[in-house]
Amino acid sequence: MQLTLWTYEGPPHVGALRIAASMKGVHYVLHAPQGDTYADLLFTMIERRPARPPVTYTTFHARHLGGDTAELVRETVRQVYERYQPQLLMVGDSCTAELLQDQPGTLAQGWAEQAGVEIPVIALETAAFSRKEGFGASEAFYQLVRGVLSDKGDAGAEGEQSDAAQGAAASATAAGRAPRANLLGPSALGFRCRDDVQEISALLNRLGVEVNVVAPLGASPDDLRRIPQADFNICLYPEVARTTCEWLRRTYRQPMVETVPLGLAATRDFIREVGEVAGLEVGSLLADADARMAPWADARMAWYSRSVDSNYLTGKRVFIFADATHAVAAARIAHDELGFEVVGLGTYSREFAREVRAAAKRYGVTPLITDDYLEVERHVAEAAPELVLGTQMERHIAKRLGLPCAVISAPAHVQDFPARYAPNMGFEGANVIFDTWVHPLMMGLEEHLLGMFREDPEFSVEAPSHTPAAAVAAEAAVAEASEPAAAAGALSVEEVRWTPEAESELRKIPFFVRGKARRNTEHFAAERGVATITVETIYDAKAHFSR
Amino acid sequence: MSDPLLADAAPAETKIGAGCSSAAGRLCQERGQRQVFCGLTSIVWLHRKMHDAFFLVVGSRTCAHLLQAAAGVMIFAEPRFATAVLGERDLAGLADCNDELDRIVHELLARRPEIRTLFLVGSCPSEVIKLDLETAAERLSAAHQERVQVLSYSGSGLETAFTQGEDQCLLSLVEQLPQADANSDPEAAAGGLIVLGTLADIVEDQFRRLFDALGIAPVHFLPPRSGEQLPPVGPQTRVLMAQPFVGEATRALIRRGAQHLEAPYPVGIEGTLGWLQAAASAFGVAPERLAEVTAAPIARARSALARQREVLEGKRITFLPDSQLELPLARFLAQECGMQPVEVATPYFDRQLHGHEAEALGEQVRLIEGQDLEPQLARLRNDRPDLTVCGLGLANPLEAEGLRTKWSIELVFSPIQGFDQAADLAELFARPLVRHERLQV
């Protein structure tokens with residue numbers, strides 16, 4: 001058992017449901033107890049969809065358990081087929097149904113055979129007690145693509161396979177057409193997928209690459225059948241699509257573009273990689289991209305970051321925790337493009353731990369690979385950052401610790417499915433990221449003035465006046481001040497005491513570096529056997545650690 | 001054991017003829033796909049009511065995900081609920097579930113020293129693997145004696161729908177109530193009133209003032225704001241249900257000797273008056289006194305309600321099953337706001353507990369117990385009422401079909417009971433209609 005306050009990922013059947021809800025012409029029959037329909041709300045409320053997700057639950061309850069739950073599955077499958085006439089059926093169980101071992105996938109396939117129903121019936125094995133949402137989504141997408149492409153009714157794939165095998169550039173040139181790419185990975189409830197797809201499609205268009213199929217978001221089973229007609233695949237969200245892209249590479253010899261265009265540098269790398277794979281000359285666009293980063297251009301992030309207003313961002317300590325793709329990208333942006341110092345980097349996506357470890361090495365931090373919210377909380381408290389970049393869960397942590405925070409990855413709540421155009425990928429994505437990440441920080445002038453004058457009755461030292469969170473942060477900081485040992489975590493040094501004068505001096509240090517100052521001073525004192533921290537000790541420690 | 005509630009505690013389905021037709025005035029039972037929450041969801045409001053209680057669900061990642069989806073939009077510094085997520089080791093018997101649970105509870109209580117009551121909440125997975133949380137609660141209560149009392153109840157979808165989770169929670173509390181000792185305690189001999197079912201703090205305070213004015217004392221509200229305020233129960237205790245979904249807890253109180261006061265539920269002016277009347281007559285309060293005490297709030301409520309009535313009068317409304325509040329709400333909207341209920345569905349119907357509300361609704365209304373989602377939606381599309389009360393999984397999709405909806409969960413999260421909330425309650429239904437008229441986009 002694991003004590004879980006908040007969970008980064010849902011169960012694997014929610015991942016499969018995200019794939020079903022992304023697509024058209026697909027229906028998902030989920031063997032699940034009464035109540036598991038709560039998952040519909042994720043789509044109708046968080047994503048504000050105007051239609052019910054294409055899922056039918058068996059909703060068994062206590063009365064059914066004595067009877068025949070398998071018959072309930074067969075009956076539900078029959079009704080779903082008759083009512084919705086889907087082109088493809090996904091069938092699986094939720095955690096409780098997994099314990100009953102009715103094998104709903106096999107039951108449905110048996111029913112389809114008996115009834116002479118000639119649509120693909122994909123049986124999903126989701127291992128609810130060991131795997132999670134990310135795996136469920138990845139596995140469901142892979143099973144779907146594989147199931148559709150190995151369907152006997154599909155004749156087109158073979159011819160295209162040899163086409164693709166000649167190499168993307170060659171086949172496109174030979175046919176006298178633009179190179180074609182699939183955009184794989186965007187999904188329902190994915191972070192900013194809707195606008196990322198638009199931004200990257202426009203970018204590919206400028207490069208002279210045609211988008212063949214976007215999947216799973218918006219695709220039908222027939223669209224999936226056209227996947228092999230592309231010259232290469234763009235793995236936009238590896239958490240969902242890498243398994244599928246690797247299988248397509250093996251089976252159809254379709255190359256895979258692996259760079260995820262999150263951030264300015266990554267977007268340029270992406271353009272380069274697409275150029276190589278598609279055999280296109282992209283030098284002029286890259287030069288154009290550089291020109292677009294000039295002060296007057298519409299890709300404003302580079303200039304904003306270079307403008308003197310951003311000087312105060314230099315060396316801001318940032319803690320990053322997200323899905324692996326967004327975490328690795330955020331670290332690069334934070335370090336190379338905003339001039340922050342990365343003081344923590346981690347992910348809940350165990351399947352992509354290797355990538356995060358490699359990135360952490362680059363920034364000289366210990367990688368944090370965990371799905372334990374409490375462990376993340378401990379690490380954030382320990383690192384005492386000035387900004388937390390994370391998920392909805394890190395907002396809880398940041399609130400508790402009184403830290404500024406921006407959301408960079410799923411899981412996200414309703415406010416991160418905005419009405420406005422808000423991509424994270426490509427050039428406009430970089431603009432959005434600049435605004436989003438800098439907003440929670442105290443503005444430069446205010447930061448300076450608060451450093452000089454501390455008794456202003458209106459402007460609080462605890463939070464920027466331009467955010468509504470000011471009052472909340474003030475409260476949290478008071479709580480922190482009243483119980484210093486609680487926030488100190490593993491670094492708390494039992495013997496060391498603070499004099500009241502030192503405590504009040506500490507409170508004069510701006511709130512976003514106060515946690516770090518407290519820890520540094522305590523370490524400094526403990527190391528030297530100083531039992532009582534005075535005002536002098538604070539400044540001794542400050543001098544010792546000054547960077 | 002002479003109380004009719006106990007004598008007739010069998011499930012409703014044995015009492016009501018099956019066979020569903022659209023004939024007016026008959027209650028039909030439907031079975032099939034259900035679009036309801038499980039009882040775990042009740043934790044979302046119960047944890048706010050009981051300040052020193054913690055709710056530990058023993059379940060799967062799905063259970064944790066549900067709570068997060070329901071409550072996660074609130075940013076918590078320290079939530080008072082969590083899930084002990086079962087892993088493969090627990091299922092394979094490699095880890096002793098009881099040892100694991102003890103470890104987790106220990107970890108949790110170390111983190112949260114202010115917790116006084118800990119609820120172990122059963123889920124579908126914990127029930128299917130037959131994890132005995134009742135015994136675990138006894139064991140843990142003994143281990144943490146003096147500091148924390150550990151209770152258990154089921155919030156699983158197998159056993160409970162939405163608000164039934166509160167009923168089960170209250171049931172576990174009722175078993176903890178001290179026995180009123182009439183010999184040593186004069187208050188116990190006089191008997192008190194237990195008001196059963198979560199009410200908003202402001203509503204509770206209003207009712208307390210009214211009971212004071214009527215001279216009814218002592219009055220205890222269950223669930224309490226703090227676990228240390230558990231009232232005694234004995235033969236002189238009277239029970240007034242504030243919510244229609246606390247039937248099991250009421251029966252448990254009756255089994256402990258308490259007397260159930262039959263009354264309408266306190267929604268709307270008439271419902272609240274009838275509810276207070278039941279208490280007043282049980283405590284021997286003169287009708288004149290009741291009229292005197294309620295005159296001002298009723299007059300106030302009537303004039304406030306009149307404005308909402310202008311919007312609602314003549315509008316047709318359908319309730320999909322959700323919380324068991326459907327019948328009293330439909331009664332209020334029909335009698336006091338002039339709406340016409342078309343179909344009123346409830347997840348669970350008990351003739352003893354809800355029968356009087358059903359009768360008050362009249363013969364023309366289609367009453368449904370249970371749900372078969374797709375046929376119900378087909379009827380709804382055919383009826384096209386002016387307003388549909390439904391859950392959030394259906395609300396936006398129905399809006400997109402051009403139907404106006406009122407999402408039902410809000411009715412559990414809002415102060416709706418009592419005289420001074422009658423207009424607010426009506427406004428909750430008027431708001432989507434007014435909004436529809438107002439929007440020019």
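Analyst: Buried area is the accessible area, probed with a sphere of 1.4 Å, that two parts lose on being put together, summed over both. In this predicted model, chain B and chain A bury about 5300 Å² between them, and 61% of that area is on carbon and sulfur atoms.

User: How many residues does each chain give to the contact?

Analyst: Chain B gives 64 residues and chain A gives 58. A residue is counted here because it has heavy atoms within 4.5 Å of the other chain.

User: Which elements give two or more residues to the side of chain B that touches chain A, and which of them gives the most?

Analyst: Across this interface the rule finds 22 residue pairs in polar contact, with both residues at pLDDT 80 or more. On the side of chain B that touches chain A, the elements giving two or more residues include β2 (53–59), α3 (61–71), β3 (81–85), α5 (97–111), α16 (373–383) and α17 (392–400) of chain B. The most comes from α5(B), with eight residues. By class, the residues on this side of chain B divide into 37 nonpolar, 14 polar and 13 charged.

User: What makes A:Arg52 and B:Glu374 a salt bridge?

Analyst: The closest N and O atoms of A:Arg52 and B:Glu374 are 3.4 Å apart. The rule asks for a side-chain nitrogen of Lys or Arg within 4 Å of a carboxyl oxygen of Asp or Glu, and therefore the pair qualifies. Across the interface of chain B and chain A the rule finds four salt bridges, while a search of the whole structure finds 51 over all chains.

User: Why does the salt bridge of A:Glu133 and A:Arg18 tie together parts that are apart in sequence?

Analyst: In this pair the closest N and O atoms are 2.8 Å apart, which the 4 Å limit of the rule admits. A:Glu133 lies in helix α7 (residues 133–149) of chain A and A:Arg18 in helix α1 (residues 12–22) of chain A, so the pair ties together parts that are 115 residues apart in sequence.

User: How do you know that strand β1 of chain A is joined to β3(B), and how do the two run?

Analyst: Three bridges join β1 (residues 2–4) of chain A to β3(B), and the two strands run antiparallel. Two strands pair if at least two bridges are found between them, so these strands count as paired. One of the positions is A:Leu3, whose bridge partner in β3(B) is B:Ala84.

User: Why are β1 of chain A and β5 of chain B said to stand at the edges?

Analyst: Five strands form an open sheet in the order β1(A)-β3(B)-β2(B)-β4(B)-β5(B), and the pairing is mixed. β1 of chain A and β5 (149–154) of chain B each have a single partner strand, so one side of each is left without a neighbour in the sheet. Neighbouring strands of this sheet are turned by 25 degrees against each other on average, direction ignored. Next to that edge in chain B, β4 (residues 117–122) is joined to β5(B) by six bridges and runs parallel to β5(B), with B:Tyr153 of β5(B) as the bridge partner of B:Val121.

User: Which strands of chain B does helix α7 of chain B lie across?

Analyst: Helix α7 (residues 133–143) of chain B lies across β2, β4 and β5 of chain B, running at about 170 degrees to β5(B). Helix α8 (residues 164–174) of chain B lies across β2, β4 and β5 of chain B too, at about 140 degrees to β5(B).

User: What is the order of the open sheet of five strands in chain A, and which are its edge strands?

Analyst: The order is β12-β11-β10-β13-β14 (chain A), with parallel pairing. The edge strands are β12 (367–369) and β14 (405–407) of chain A, each of which pairs on one side only. Strand β13 (residues 387–390) of chain A is joined to β14(A) by three bridges, and because the rule asks for at least two, they count as paired. Here A:Leu389 stands opposite A:Ala406 in β14(A).

User: What joins A:Ala410 and A:Pro411?

Analyst: A cis peptide bond joins them, with omega about 0 degrees, and A:Pro411 lies in the loop between β14 and α20 (426–438) of chain A. Another cis peptide bond joins B:Ala217 and B:Pro218, where omega is about -10 degrees.

Technical notes
Residues are numbered from 1 along each chain as its sequence is written. Chains are lettered from A and ligands numbered from 1 in the order in which they are written. This is a predicted model: local features need pLDDT of at least 70, side-chain atom pairs count only at pLDDT 80 or more; totals for chains, interfaces and linings use all residues. Side-chain values use heavy atoms; hydrogens and water are left out. A polar contact is a pair of N or O atoms within 3.5 Å; within protein, one must be able to donate a hydrogen and the other to accept it, and residues adjacent in sequence count only if both atoms are side-chain atoms. Helices (H or I, at least four residues) and strands (E, at least two) are DSSP runs, numbered from the N terminus. Ala, Val, Leu, Ile, Met, Phe, Trp, Tyr, Cys and Pro count as nonpolar, Asp, Glu, Lys and Arg as charged, and the others, Gly among them, as polar. Axes are lines fitted to C-alpha atoms, for helices over the stretch in contact, and angles run from 0 to 180 degrees between N-to-C directions.
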